[in-house]
Amino acid sequence: MILEFKVANFLSIKEEQVLSFEATADTTLEEVYVVKKGKYRVLKCAMMYGANASGKTNVLAALNFVGRLLNYPATQKDEQTEHMPFMLDESTRQQDGRFELSFFVGEVLYIYTLWIDQNRINHEKLIYYPGVKPAIVFQRHYDKEKDLSIVEVGSSLKLKSTDKELLQSTTLRN
């Protein structure tokens with residue numbers, strides 16, 4: 001269940017935009033529209049509205065982009081990521097698109113962050129909250145000097161050193 005989605009520098013979206021499913025303090029029809037997840041009250045549905053050409057569709061396209069990237073990863077190291085930065089500003093053309101997805105699996109909160117350009121994933125991280133404090137599932141960053149992605153896994157993943165080396169050697173930069 002999605003709690004929040006953030007996007008910046010993607011298609012027509014320059015500044016960070018947030019699609020939040022966190023309920024307000026209003027309790028009208030709470031039993032119909034709200035699910036309680038720990039300290040959070042999460043809406044089962046949300047609505048976006050705004051003027052024509054205000055970016056509503058591109059927020060959904062950004063969510064779809066992250067989903068496709070996770071479900072259909074690159075298989076060749078020279079494939080483009082298909083990221084389309086905000087092109088109407090000279091500086092954003094050279095900056096990463098930034099995405100953050102907060103979601104629940106059961107009662108556990110996860111936060112996935114992604115910084116990406118047209119050629120590679122520059123930063124990726126997944127954390128979760130098994131209790132009050134966050135724990136890292138994995139994180140990676142792109143090392144320009146070595147031209148590879150450096151992958152680190154959290155201590156909660158009980159991987160052997162050979163498995164960690166295999167993960168590091170097979171992770172593509174894109």
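Tutor: Two strands pair if DSSP finds at least two bridges between them, and with that rule in hand we can read the main sheet of this predicted model, in which 7 strands form an open sheet in the order β2-β1-β5-β6-β7-β8-β9 with antiparallel pairing.

Student: What makes β2 and β9 the edges of the sheet?

Tutor: β2 and β9 (148-153) each have a single partner strand, so one side of each is left without a neighbour in the sheet. As for how the strands lie against each other, neighbouring strands of this sheet are turned by 10° on average, with direction ignored.

Student: How do you know that β5 and β6 pair?

Tutor: The rule asks for at least two bridges, and strand β5 (residues 97-105) and strand β6 (residues 108-116) have 9 of them, in the antiparallel sense. Among the facing residues, Glu100 stands opposite Thr113 in β6, and Ser102 has Ile111 of β6 as its bridge partner. The hairpin of β5 and β6 has 2 residues between the strands, and Gly106 takes a positive phi near 65° there.

Student: How many bridges join β6 to β7, and how do you know that they pair?

Tutor: There are 8 bridges between β6 and strand β7 (residues 121-129), which run antiparallel, and because the rule asks for at least two, the two strands count as paired. Ile116 has Ile121 of β7 as its bridge partner, and a hairpin joins β6 to β7 through 4 residues.

Student: Is β6 enclosed by the rest of the structure or open to the outside, and how do you know?

Tutor: Of the 9 residues of β6, 7 are buried, so this strand is largely enclosed by the rest of the structure.

Student: Why is Ser102 called buried?

Tutor: Buried means under 20% relative accessible area, and Ser102, at 5%, therefore counts as buried. Ser102 is located in strand β5, and, leaving aside residues up to four places away in sequence, it touches Ile2, Leu3, Glu4, Leu109, Tyr110 and Ile111.

Student: Does the same bridge rule apply outside that sheet, and how many bridges join β3 to β4?

Tutor: Strand β3 (residues 34-37) and strand β4 (residues 40-43) run antiparallel and are joined by 4 bridges, so they too meet the requirement of at least two. Val34 has Leu43 in β4 as its bridge partner. In the hairpin of β3 and β4, with 2 residues between the strands, Gly38 takes a positive phi near 60°.

Student: What makes the contact of Lys14 and Asp89 a salt bridge?

Tutor: The nitrogen of Lys or Arg must lie within 4 Å of a carboxyl oxygen of Asp or Glu, and the side chains of Lys14 and Asp89 meet at 2.6 Å, N to O. This pair links distant parts of the chain, since Lys14 is in the loop between β1 (2-8) and β2 while Asp89 is in the loop between α2 (56-71) and α3 (90-93), 75 residues apart. Lys14 has 32% relative accessibility and therefore counts as partly exposed.

Student: Why is the pair of Lys36 and Glu30 called a salt bridge?

Tutor: The side chains of Lys36 and Glu30 meet at 4.0 Å, N to O, and because the cut-off is within 4 Å, the pair is counted. Lys36 is exposed, since its relative accessible area of 57% is set against a limit of over 50%, whereas Glu30, with 13%, is buried.

Student: Which other salt bridge joins distant parts of the chain?

Tutor: Arg140 forms a salt bridge with Glu124, their closest N and O atoms being 2.7 Å apart. Arg140 is in strand β8 (residues 135-143) and Glu124 in strand β7, 16 residues apart, and both residues are buried. A search of the whole structure finds 10 salt bridges, and Glu4, Lys6 and Glu100 are linked in a network of them.

Student: Why is Leu29 called partly exposed?

Tutor: Partly exposed lies between the limits of under 20% and over 50%, and Leu29, at 43% relative accessibility, therefore falls in that class. Leu29 is in the loop between β2 (17-20) and α1 (30-33), and together with Val32 and Tyr33 it makes a nonpolar surface patch of about 260 Å².

Technical notes: Residues are numbered from 1 along each chain as its sequence is written. This is a predicted model: local features need pLDDT of at least 70, side-chain atom pairs count only at pLDDT 80 or more; totals for chains, interfaces and linings use all residues. Side-chain values use heavy atoms; hydrogens and water are left out. Patches are made of residues with over 30% relative accessible area and no salt bridge: like charges are joined within 9 Å, nonpolar side chains (Val, Leu, Ile, Met, Phe, Trp, Tyr) within 5 Å. Accessible areas come from the Shrake-Rupley method with a 1.4 Å probe; for residues, only the protein chains shown count as cover. Buried means under 20% relative accessible area, exposed over 50%, partly exposed in between (1.4 Å probe, protein chains only). Axes are lines fitted to C-alpha atoms, for helices over the stretch in contact, and angles run from 0 to 180 degrees between N-to-C directions. Contact means heavy atoms within 4.5 Å.
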